[in-house]
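Please consider the following questions on how the terms applied to this predicted model are justified.

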Amino acid sequence: MTSENNLYVEKNKAEVSKNVPELRFQGFIDAWEQRKLGDLMTFSNGINAPKENYGTGTKMISVMDILNPLPIKYDNILNSVAVDKKIEDKNKVEKGDLIFVRSSEIVEEVGWAKAYKEDRYALYSGFAIRGKRISSYNAYFIELTLNYANRKEVERRAGGSTRFNISQEILNSLTVLTPSISEQNQIDLFFTKIDNTITLHQRKLDKLKLVKQFYLQQMFPQNGEKVPRVRFANFDENWEQRKIGELLTERNEQIPENEEYPLMSFVQEIGVIPKGERYDRSFLVKDNNKKYKKTELGDFIYSSNNLETGSIGFNRTGKAVISPVYSIFESKTEHESKFIGVLSVKKDFINKMLHYRQGVVYGQWRIHENDFLNIQIFVPNKNEQEKIVEFFNLVNHSIEIQQSKLEKLKKIKHTFLQKMFI
């Protein structure tokens, strides 16, 4: 009994020593205190109104607003609902409240928390739970600690098999470690600055993608036209209508993985990449007898088994073998597979592919290779193809640089979350 008591005391001492983060602001030395979430806020489910009540009235926070990585801004809330004053007064989400995803088919989403920091109140849907402030805390600090430090516990306690749910009772019983309000506010300011920088870079990335979509629309002929509306100087010939099968031929050679042709992955919009970039292959047993599809630099790669139109892209890496589920096409001339690689992300090209899709097992769609090769496209001469490919390579490179900056910022935020929360 005595030894058990000593062990208990030692365990408590160890827990106290752990109740400080690895990294914190100067001047803060006190251990963080454990508090029950139910002591900070009370919980209630949202509004379930008749269908005809939606679309007018007061702004209503939905699950999509909670899951959006950006803070909830009143003007950006898309949904609204018209209810009587009694229901509206009961279901206000006000500054300092938190809002939670109540139910989801994805366990990573259920119980996801979002602080509401707007001066104007909003309402909230029946698929959410509101945490109404009853004590002193920094709302964004609580959001961060719930979505990071407490995340695994929330997922573990979410009930369900095909659909996961979090209840008011579970949220009420959660415990969080909190410092003083002053330290909470400092952490809020620090991460808000990071979030603002991330938002700025996300907007830059979104603008670049819009620019790409604009030029994809303008630099290829519209329906019923034979020339694009925007093109490079000194090109004035009509584009020629061709079948993809006139430009590409299927490469169907299967070989084992070897030093000259290593096993690679294929990722939508990225292309052929080493397997190691997706997962650790050190635990895999190499099978020298297994056959894979052979691919070369410049090949056009397409997987028709996909919920929508499949994975489409271009081999920029070089010699490799990839999964037999992919169809591999080599260009009959030097630049045409690159040109089709640019063309393949256009919405009207994807719509042509959708015309040929057929249902298969597991709810996926398939577009047969012969149908793909029979799709008709408009093609300029070789020199104009080269110019178009070169232009979109530059656009894609700018997008990749901006995407890389954004990912680095997100990693920086994640690192600070690890070091500044318990």
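Q: Which residue in β8 is the bridge partner of Ile61?
A: The partner of Ile61 is Tyr124.

Q: Why are β3 and β8 called paired strands?
A: Pairing requires at least two bridges between two strands. Two bridges join β3, residues 54-61, to β8, so the two strands count as paired. They run parallel.

Q: What makes β4 and β8 edge strands?
A: In the open sheet, the order of the three strands is β4-β3-β8, with mixed pairing. Both β4 (80-81) and β8 (123-124) pair on one side only, and they are therefore the edge strands.

Q: How many helices and strands does the chain have?
A: The chain has 13 helices and 24 strands.

Q: What makes a residue count as buried, and what percentage of the chain does so?
A: A residue is buried when its relative accessible area is under 20%. Of the 422 residues, 43% count as buried.

Q: Which residues touch the most other members of the largest nonpolar core?
A: They are Leu37 and Phe100, in a core of 40 residues.

Q: How do you know that Leu37 touches Phe100?
A: A contact requires heavy atoms within 4.5 Å. Phe100 is listed among the residues that Leu37 touches, including also Phe43, Ile142 and Leu146, so the pair fulfils this criterion. A second, separate core of 26 residues includes Leu248, Phe339, Ile340 and Phe372.

Q: Why might nonpolar side chains be found together in a core?
A: In soluble globular proteins, such side chains tend to be buried together.

How values were computed. Residues numbered from 1 in each chain as written. Predicted model: local features only at pLDDT ≥ 70, side-chain atom pairs only at ≥ 80, totals over all residues. Heavy atoms only, no water. Core = buried A, V, L, I, M, F, W, Y, C linked by side-chain atoms within 4.5 Å. Buried < 20%, exposed > 50% of the residue type's maximum accessible area, 1.4 Å probe, protein only. Helix = DSSP H or I, 4+ residues; strand = E, 2+ residues; numbered from the N terminus. Lists of a residue's contacts leave out its neighbours within four places in sequence.
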